[in-house]
Amino acid sequence: MSRIGKMPIALPPKVDFKVDGREVTVKGPKGELKHTIPEGISLEKGEDGVYNVVRSSDARQERALHGLTRALIANMVTGVSAGFRKTLIIEGTGYVAEMRGSKLILKLGYSHEIPVDAPAGISFDVPSDRRGTLLHIDGFDKQLVGQVAADIRKLRPPEPYKGKGVRYVNETIRRKAGKAGKTGKK
């Protein structure tokens with residue numbers, strides 16, 4: 001049995017959880033999310049207001065979807081109650097991020113500025129004490145927060161020689177020696 005799939009899903013206060021056939025709707029202070037449960041997987045209400053994800057058989061496909069479904073629904077509950085955050089670090093001379101109204105403006109060493117519009121449910125935050133080198137992406141949909149962060153990182157990925165570019169806060173860049181690392185003539 002899946003270790004993740006058999007864990008119960010606890011509902012914090014102020015979270016509205018509805019199961020209508022195969023459709024699960026989770027509503028909270030941050031927003032509302034919906035998910036369709038695959039065939040062979042069901043939700044059962046347990047004691048103390050927790051929900052358990054149950055599979056109907058030991059078929060390979062259902063075993064694979066058991067833990068995934070539980071993780072997706074648990075992330076929905078966490079998202080609408082607490083939200084998710086990804087943090088990006090912008091490194092390089094002249095590389096900065098700034099907010100102009102609700103638009104994020106990125107200067108990443110190109111001849112032009114790159115404007116980024118926040119999708120629905122996503123907000124950007126550029127702390128003023130870091131002078132535009134730190135960018136927080138907040139939202140209640142974990143998949144959307146991660147996708148927006150990946151799209152921004154893709155605009156200027158970190159390079160291995162000086163480490164310039166946009167990277168995640170916990171990402172380490174393997175550095176290369178470059179021309180100075182050459183030893184001896186041929």
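The paragraphs below lead through a predicted model, taking in turn a salt-bridge network, a buried strand residue, a threonine contact and a pocket. Residues are numbered from 1 along each chain as its sequence is written, and side-chain values use heavy atoms, with hydrogens and water left out. Because the model is predicted, local features need pLDDT of at least 70 and side-chain atom pairs count only at pLDDT 80 or more, whereas totals for chains, interfaces and linings use all residues.

The structure holds 13 salt bridges, a salt bridge being a side-chain nitrogen of Lys or Arg within 4 Å of a carboxyl oxygen of Asp or Glu. Side chains of opposite charge can pair when their charged atoms come close. One such pair is R100 with E98, at 3.0 Å from N to O, and E98 also forms a salt bridge with K107, where the closest N and O atoms are 3.7 Å apart. R100 in turn forms a salt bridge with E113, with 3.2 Å between the closest N and O atoms. This last pair links distant parts of the chain, since R100 belongs to strand β7 (residues 96-100) and E113 to the loop between β8 and β9 (114-116), 13 residues apart; strands (E, at least two residues) and helices (H or I, at least four) are DSSP runs numbered from the N terminus. Through shared partners, the salt bridges join E98, R100, K107 and E113 into one network. Relative accessible area is 41% for R100, 25% for E98, 29% for K107 and 34% for E113, so each of these residues counts as partly exposed, given that buried means under 20%, exposed over 50% and partly exposed in between (1.4 Å probe, protein chains only).

L106, in strand β8 (residues 103-107), counts as buried because its relative accessibility is 1%. Leaving aside residues up to four places away in sequence, L106 touches I90, V96, A97, E113, I114, V116, I152 and L155, where contact means heavy atoms within 4.5 Å. E113, among these neighbours, is also a member of the salt-bridge network.

T87 lies in strand β6 (residues 84-91) and, with a relative accessible area of 15%, is likewise buried. The T87 side chain makes a polar contact with the side chain of H136 at 3.0 Å; such a contact is a pair of N or O atoms within 3.5 Å, and within protein one must be able to donate a hydrogen and the other to accept it, while residues adjacent in sequence count only if both atoms are side-chain atoms. Beyond four places in sequence, the residues that T87 touches are L134, L135, H136, R167, Y168 and V169.

The largest pocket has a volume of about 200 Å³. A pocket here is an open set of points on a 1 Å grid over the protein atoms alone, where a 1.4 Å probe fits, with protein on both sides within 12 Å along at least five of seven lines, and lining residues have an atom within 4 Å of a point; the volume is the space filled by probe spheres set on the points, which are joined across faces, edges and corners. Its lining includes L33, H35, M76, F84 and K142, and the elements giving two or more residues to this lining are β3 (32-36), α1 (60-81) and α2 (142-155).
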